[in-house]
Amino acid sequence: MSLRHTFTNYRFWVLICFISICLFSWGAGSWAGYRLLERESLQESFRYSQLVANELNRYRPIPELMAEHPLMRSVLEHPDSELLVLEANEEMKKMASIVASSDVYLMDRTGLTIAANNYQLPTSFIGRNFAFRPYFHEAMASADSTIYFALGITTDQRGLYFSHPVTNELGEPLGVVVIKIQVTDLEDQWQRPAAFSESEMVVLDLDGISFLASRPAWLYRAFEPISDERRLGILADRRYHDEDLTPMTIVDQGRPIGVSTRSERLLVGEGEAARPFLSVETPLPQLDWTLRVLIGTEPVLWTQVQFLVGGTLVFLGGFLTWLYVRERYRREAELAERGEQLEQRVAERTADLESSNQQLLAEIAERERAELELKETQQELIQAAKLAVLGQMSAGLNHEMNQPLTAIQAYARNSRRFLERGENETVDANLHEIVSLCDRMAELTRQFKVFARKSEGRPSLVDMRQPIDGALKIISAQDNSAGVQFDWQRPQHPAWVHGDLIRIEQVLVNLIANAAQATETVDQPQIQIDLRFNDACWQCRVRDNGPGLPANTEQLFEPFFTTKSMKQGLGLGLSISRQIVDALGGKLVGQNRRDGQGAEFILTLTQREGAA
C-alpha cells in the first residue's frame with residue numbers, strides 16, 4: 001500500500017511539472033510572438049509615417065508660394081475681368097501640371113471659386129462655393145497654411161487639401177488658393193511586412209474615421225465610437241460627402257503581455273468573418289491623424305506551438321536525465337548492498353577461495369609457460385624450416401663457391417711467379433680479379449646470412465622489390481633451379497608496404513622454391529613474378545607452368561600436408577608462410593591459373609600510410 005501511494009505521488013508531481021512547463025512555454029511563445037508582431041508593425045509604421053511626412057513637407061509650401069503670385073491678388077481684386085480670370089485659369093493649369101496635383105483653384109472672400117485649373121471640364125469648380133469647408137474658413141481666420149482631408153463633392157475622389165490665404169498689401173485676406181492632392185498614391189506605397197502576409201493599414205482622422213486603408217471595405221468606417229453631436233459636425237463639413245460612416249465591428253481582447261501601450265489585440269469583423277489582429281497605433285507627424293497597422297495573430301499561434309514543442313523536449317530531456325540519475329543512484333545502492341553481502345560471503349569462504357586462488361595461479365602460470373614454449377617452438381620451427389631450405393641449397397652454394405675459389409687459387413699462384421719476375425702490372429691485374437671474385441662470393445653468402453638470421457624487429461617500411469631480388473638470388477643457387485626461366489617484371493618505382501624484410505623474403509623463398517619444384521617435370525619450366533597495386537595494397541604474384549594444385553587449395557596451408565616426397569619437405573613451408581603473412585596484416589592465397597597452365601600464389605600486403 002505504501003509503494004502504491006509513493007508511485008501515485010510520483011506520477012502526480014511529474015504531471016504537475018509537465019503542465020507547468022507547457023503553460024510557461026505557451027506563455028513565453030505568446031510573449032515572443034506578439035513582441036515580434038509589434039516590432040514588425042513599428043518598423044512599417046515608422047517607414048509609412050516618414051513617407052506621409054515627406055509628402056506633407058513636399059506640398060505644404062506650394063500654396064503659400066502661389067498666394068504670393070501677383071496674378072492671384074489681381075484676379076481677386078478684379079473678379080469681373082474675363083482676361084484676368086482666363087490668365088489665372090491657365091496659370092493654375094500650369095501649376096497643377098508642375099506640382100503633379102489633381103486640382104488647383106482660387107476662392108474669394110465668400111468661398112466662391114472664381115478660377116481653377118479644370119475650368120474647361122464639365123466637373124469644373126468655377127462657380128461652386130466651398131465656404132463650408134474647414135480648409136477655407138480656417139485659412140481665412142488664421143492667415144496661415146492649413147491641411148485638410150475630405151472626399152471631393154464634385155469629383156467624388158479623396159484628396160488632401162493644402163490652402164493658404166491671398167492677402168492685399170495691408171495683409172487683409174482677399175481669398176484662398178487651394179491645392180488638392182489625391183491620396184491613392186499614399187495607399188499604393190503601403191508595403192506589407194515580408195514575414196506577415198496577413199497585415200493591413202488604416203489611417204484615421206481625429207474622429208477615428210478611416211480615410212486611407214489597404215482594404216477598400218474599411219474606407220469611411222468608424223473604428224472608434226462617434227457621438228451624435230460630432231457626427232452632425234462631420235455632416236456639416238461634408239468631409240465624407242454622402243458616405244454612411246458605418247462603425248466597424250471591433251471587439252477589444254485586451255493587451256497581450258510583453259507589448260507596449262500602443263498595441264492591443266482586436267477581433268475585427270462579425271461571425272465567421274471575424275479575425276484576430278494585433279493593432280499598433282502610431283500618430284502621424286504634424287496632423288491629428290493616427291496610423292494603425294493590423295497584423296493577423298496566426299504567426300503567434302505557430303510561435304506558441306514551437307515554444308510548446310521546445311518546452312516539451314526540454315521537459316523530456318530533463319525528465320529522462322532525472323530518471324537516469326535516479327536509476328543510477330538506485331543501482332549504485334543495490335551494488336553497494338550486494339557488495340556488502342559479497343564481502344560477507346567472501347569472509348565466510350576465505351579458506352576455500354585462497355586454496356582455489358593458489359590452484360588457479362598455478363594453472364595460469366602453467367598456461368603462460370605453455371604459451372611461451374609454444375611461441376618459442378613456433379619461432380624455432382620457422383628457423384628450422386629456413387635452415388632446411390639452406391640445407392637443400394648447400395649443394396648449389398658449394399658449386400657456386402667452388403669455381404671462384406679455384407680461380408682465386410690459380411690467380412694467387414700465378415701472382416707469386418709474376419712477382420718473382422718483377423711483372424708488377426700483371427700481379428696488380430691478378431689481384432684485381434681476386435677482389436672481384438671475393439665480392440661475388442660475399443654477395444652470394446650475404447643473402448644466405450640475411451635469410452638464416454632471425455627477425456626480431458617490428459614491422460617497418462619495406463620496398464617489396466628488395467625481398468623479391470634477395471629470394472631470386474637464393475633460389476638461383478639451387479641445383480633444381482637450373483634451366484628455370486625466371487620472368488621477374490621489376491617495377492621502376494619502389495613498392496612500399498608495411499612488413500618485415502627478412503620474413504617477407506622467407507615467404508617468397510618458399511613460394512619460388514615450391515614453384516621451381518612444381519616445374520621439374522615440365523620441358524620448359526617458367527616462373528613469372530610481378531607486382532601490382534590494387535585497392536591500397538601491393539600484390540605479388542608467383543606463377544608457374546607446372547601441373548597445378550589439387551582441388552582443395554586451402555588444405556595446402558595445413559601443417560604437415562604435402563604433395564611432395566619426404567625428401568623434399570615436411571609440409572610446413574606454406575603453413576609457416578601464411579602465419580608470417582597473417583602476423584604482418586596481409587593475405588596469402590593459392591589457386592590454379594585461369595588459363596589452366598599451372599598454379600599461382602598471391603601475396604597481398606597493405607601499403608604504408610604516407611608512402612607514394
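In the predicted model, Arg 593 is buried, its relative accessible area being 13%. The side chain of Arg 593 meets that of Asp 595 in a salt bridge, with an N to O distance of 3.2 Å. Asp 595, by contrast, is partly exposed, with a relative accessible area of 44%. Because the limit for a buried residue is under 20% relative accessible area, Arg 593 at 13% falls within that class, whereas Asp 595 at 44% does not.

A salt bridge also joins the side chains of Asp 530 and Arg 532, here with an N to O distance of 3.7 Å. In this pair the acidic residue, Asp 530, is buried, with 8% relative accessible area, while Arg 532 is partly exposed at 39% relative accessibility.

A further ion pair was found within helix H9, which spans residues 350-421. Arg 369 forms a salt bridge with Glu 366, and the closest N and O atoms of the two residues are 2.2 Å apart. The two positions are separated by 3 residues, about one turn of the helix. Arg 369 is partly exposed, with a relative accessibility of 38%, and Glu 366 is likewise partly exposed, with a relative accessible area of 42%.

Beyond these pairs, a network of salt bridges links Glu 224, Glu 264, Glu 281 and Arg 292. In total, 14 salt bridges are present in the structure.

Technical notes. Residues numbered from 1 in each chain as written. Predicted model: local features only at pLDDT ≥ 70, side-chain atom pairs only at ≥ 80, totals over all residues. Heavy atoms only, no water. Salt bridge = Lys/Arg side-chain N within 4 Å of Asp/Glu carboxyl O. Helix = DSSP H or I, 4+ residues; strand = E, 2+ residues; numbered from the N terminus. Buried < 20%, exposed > 50% of the residue type's maximum accessible area, 1.4 Å probe, protein only.
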